[in-house]
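User: I would like each structural label tied to the cut-off behind it. Please begin with the terms.

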Amino acid sequence: IPEKAMGDLRAQITALKTGERRFTELLGRYGREPVLDAIRNIMDNSEAAARARTRTIPDGTYEAESYMDDDGVEVGKRIPIRVKVIKKGDEMTIDLSEIGKQVRGFYNSGPSTGYGCAQVAYKCLTSPTDYPVNEGSLRPLKVILGSSTVVTAVRPAAMRVWMTVPMTVVDTVFKAMSQAIPARTIAGHFADLVSGYVNGINPKDGRLFIGGTGGPMGGGWGAKLNEDGMSATVCQNDGDTHNAPCEQTEVKFPVLIRRHALRQDSGGAGRFRGGLGAEKVVEPRCNVTVGTQMERVNCPPWGLEGGHSGKGNQITMVIDGKARDDYANGKVFNTRLKPGDSFTLHSGGGGGFGSPQQRDPERVAHDVKQGYVSNQVARDIYRVACSDDGVLDGAETQRLRSAA
């Protein structure tokens with residue numbers, strides 16, 4: 001299907017040509033040495049700022065652990081994600097040497113990804129918006145990698161879904177650093193593309209098609225010390241793509257999007273609530289084959305400081321009128337669907353921050369009114385009483401929280 005690849009290829013060529021042209025223009029306008037001096041100055045200033053922000057983090061060694069569900073081959077065998085962060089003075093070391101060994105499935109990546117995980121986490125922790133990303137901003141960072149891990153894999157390791165693991169590595173670094181700088185960290189996010197892979201023969205033109213879910217789905221991001229998490233927002237590794245409008249997807253592919261909505265109660269409860277995931281129900285209009293390579297189904301986005309975990313990612317199907325929700329690891333391979341069948345992609349919600357019973361009751365009531373949180377969760381988890389239309393019962397709320 002060459003037309004699907006040509007857009008990306010042309011964009012890459014155009015970006016390279018544009019960069020070359022503009023850099024040449026700079027050299028022509030100012031001369032070689034002034035331009036290179038300016039580049040060195042930018043990097044030196046970025047390094048100084050990074051070191052200054054790093055010094056504000058308490059010295060110490062911080063560790064955390066999470067896991068990937070499995071590699072799709074050895075089902076149920078968790079892949080450990082262990083990180084250690086050592087902060088001393090104006091430098092930081094991120095040690096990823098204890099991450100799980102490379103796997104038989106396609107969830108591996110090379111060492112450039114291992115370095116990239118640490119660099120993304122360090123930039124976010126020190127100065128996410130203070131200065132642009134450049135090599136100078138990373139000079140205070142040292143990265144330690146192990147051999148033949150899922151982020152330093154060697155041939156013949158399969159790497160088709162390389163982008164899944166790094167998101168959880170970055171999340172886990174944030175988890176470790178929440179012990180030192182809770183105000184500059186974030187609870188876990190849904191950390192997956194949550195894509196369904198649909199292929200078949202399009203009855204309109206008799207050609208093979210691949211697609212039909214509208215691209216990567218947004219999901220819930222973790223809450224922070226003073227802010228709710230973002231809802232239905234694209235994951236860390238995929239900030240350069242967006243999900244397509246349902247109508248556009250239906251025009252291009254023989255599918256019907258029955259529903260695309262926020263996923264109620266998916267955000268982890270907390271003083272600040274995790275962002276909500278989304279649900280998308282897709283019904284094929286012809287015979288198709290469906291697959292997913294989903295992760296973080298069984299390792300849901302964790303909360304911090306007493307916040308609850310968000311719901312994990314999930315896929316469910318309706319085949320011959322019978323609902324199926326037994327895809328325990330979120331991985332589905334070559335499942336045949338026909339018109340009348342459907343599948344639903346459920347993206348996870350972000351983790352909460354702080355105790356749910358410290359959340360402002362008015363905010364809980366607003367969440368109930370908007371459909372973000374069910375009345376039952378408001379009462380049982382947040383200990384807030386309100387009507388379905390968001391009218392707060394202050395006296396009953398006080399009783400519930402006093403009795404908790």
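Analyst: Helices and strands are DSSP runs numbered from the N terminus: codes H or I over at least four residues make a helix, and code E over at least two makes a strand. The model is predicted, so local features need pLDDT of at least 70 and side-chain atom pairs count only at pLDDT 80 or more, while totals for chains, interfaces and linings use all residues. Residues are numbered from 1 along each chain as its sequence is written, and side-chain values use heavy atoms, leaving out hydrogens and water.

User: What makes a space a pocket or a cavity?

Analyst: Both are sets of points on a 1 Å grid over the protein atoms alone. In a cavity a 1.4 Å probe fits but cannot get out; a pocket is an open set with protein on both sides within 12 Å along at least five of seven lines. A residue lines either one if it has an atom within 4 Å of a point. Points are joined across faces, edges and corners, and the volume is the space filled by probe spheres set on them.

User: Which helix gives the most to the lining of the second largest pocket?

Analyst: Helix H3 (residues 111–126), with four residues. That pocket holds about 570 Å³. It is lined by 22 residues, and those closest to its centre are Cys-124, Pro-128, Ile-186, Trp-221 and Lys-224.

User: What volume does the largest pocket have, and which elements supply at least two residues of its lining?

Analyst: Its volume is about 1500 Å³. There are 47 lining residues, with Lys-4, Ile-210, Gly-211, Gly-215 and Pro-216 the closest to the centre. Helices H1 (2–30) and H5 (246–252) each supply at least two, as do strands S5 (196–201), S6 (208–210), S9 (288–293) and S12 (331–337).

User: How do the residues of these two linings divide by class?

Analyst: Ala, Val, Leu, Ile, Met, Phe, Trp, Tyr, Cys and Pro count as nonpolar, Asp, Glu, Lys and Arg as charged, and the others, Gly among them, as polar. On that basis the largest pocket has 17 nonpolar, 21 polar and nine charged lining residues. For the second largest pocket the split is 10 nonpolar, six polar and six charged.

User: How many cavities of 30 Å³ or more does a search of the whole structure find?

Analyst: One. The largest cavity has a volume of about 60 Å³, and its lining includes Asp-192, Tyr-197 and Gln-293. By class that lining has six nonpolar, four polar and one charged residue.

User: Why are S6 and S12 said to stand at the edges?

Analyst: Two strands pair if DSSP finds at least two bridges between them. The open sheet of four strands has the order S6-S5-S9-S12, with antiparallel pairing. S6 and S12 each have a single partner strand, so one side of each is left without a neighbour in the sheet. Inside the sheet, S5 and S9 run antiparallel and are joined by five bridges; Asn-199 stands opposite Thr-289 in S9.

User: What is the order of the sheet with mixed pairing?

Analyst: It is open and has four strands, ordered S1-S2-S3-S4. Strands S1 (60–68) and S4 (141–145) are its edges, each pairing on one side only. S1 pairs with strand S2 (residues 79–88) in the antiparallel sense over nine bridges, and Glu-65 stands opposite Arg-82 in S2.

User: Why does the length of H1 agree with that of a helix?

Analyst: The expected span is 1.5 Å times one less than the number of residues. For the 29 residues of H1 that gives 42 Å, and the end C-alpha atoms are 42 Å apart, which agrees. Gly-31 follows H1 and has a positive phi, near 95 degrees.

User: At what angle do H1 and H2 pack?

Analyst: Axes are lines fitted to C-alpha atoms, for helices over the stretch in contact, and angles run from 0 to 180 degrees between N-to-C directions. H1 and helix H2 (residues 32–55) pack at about 120 degrees, their axes 7 Å apart. Contact means heavy atoms within 4.5 Å; Phe-23, Leu-26, Leu-27 and Tyr-30 in H1 meet Arg-32, Pro-34, Val-35 and Ile-39 in H2.

User: What makes the peptide bond from Arg-155 to Pro-156 and the phi of Ala-191 worth listing?

Analyst: Most residues other than glycine have a negative phi, and most peptide bonds are trans. The bond from Arg-155 to Pro-156 is cis, with omega near 5 degrees, and Pro-156 lies in the loop between S4 and H4. Ala-191 is not glycine, yet its phi is positive, near 55 degrees; its place is in the loop between H4 and S5.
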